[in-house]
Amino acid sequence: MNSPSKNDLKTVLRIDFPNKERIGRGKMQLLDHIKTTGSISAAGRAMDMSYRRAWLLVSAMNSMFSHPVVDSQRGGKQGGGAIVTEFGEELLSRFRSMEQKLERAVASDLDWLNENRSGTIRADDQ
C-alpha cells in the first residue's frame, strides 16, 4: 500500500448515536493517548486540548456505554491517573477494525474520485 500523500482523499469514520452522541477519530485518538500516558491531562496535552475538554470527552464516552471506557483516580498522595478499561480497549480495537474495513471497501471508489478531481495530475497525463 502506498503511503498517503497530502492530496490523497481519505475516509473518516464517525458513528452517530440516536441521542446525538457520537464517537469518532478524535475520541479514539484520546483513548490511545490515555493508554500511552496513563493520564487524561497528558493525553489532552498531546492533542493540544485542555484538561477540561479531555475530561468532558472521557465523561461523554463513559456515559455512552453500559461499561466504563476509562477509569480514573484523582490526584493526591498516590497521584492521579487513568486507564483505558478492558471494554475501552475492545471499543478502540473494534473502531480501528471498522476504519480499516471502511478504507478497503471504498478504496477503488476513492481512487476513481481522485483520478477525476479537478486540478490533479493523472498517471496517464505524466
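Helix α4 (residues 86–115) keeps G88, L91, L92, F95, E99 and L110 buried, that is, under 20% relative accessible area with a 1.4 Å probe and protein chains only (exposed is over 50%, partly exposed in between). These buried residues pack against β1 (14–16), β2 (22–24), α1 (25–37) and β4 (81–84), where contact means heavy atoms within 4.5 Å. Helices here are DSSP runs of H or I with at least four residues, strands are runs of E with at least two, and both are numbered from the N terminus.

This is a predicted model, so local features need pLDDT of at least 70 and side-chain atom pairs 80 or more, while totals for chains, interfaces and linings use all residues. Residues are numbered from 1 along each chain as its sequence is written, and side-chain values use heavy atoms, leaving out hydrogens and water.

Strand β4 has two faces: A82 and V84 point to one and are buried, whereas G81 and I83 point to the other and are not. Its neighbour in pairing is β3 (residues 70–73), which runs antiparallel to β4 and is joined to it by four bridges (pairing takes at least two DSSP bridges). In one of these, D71 partners I83.

As for α1, its residues K27, M28, L30, L31 and I34 meet A54, L57, V58, M61 and M64 of α3. The axes of α1 and α3 (residues 51–64) lie 11 Å apart at about 105 degrees, with axes fitted to C-alpha atoms over the stretch in contact and angles running from 0 to 180 degrees between N-to-C directions. The two helices are therefore roughly perpendicular (65 to 115 degrees).

Methods
The expected span of a helix is 1.5 Å times one less than its number of residues. Angles under 35 degrees count as roughly parallel, over 145 as roughly antiparallel, 65 to 115 as roughly perpendicular and the rest as oblique.
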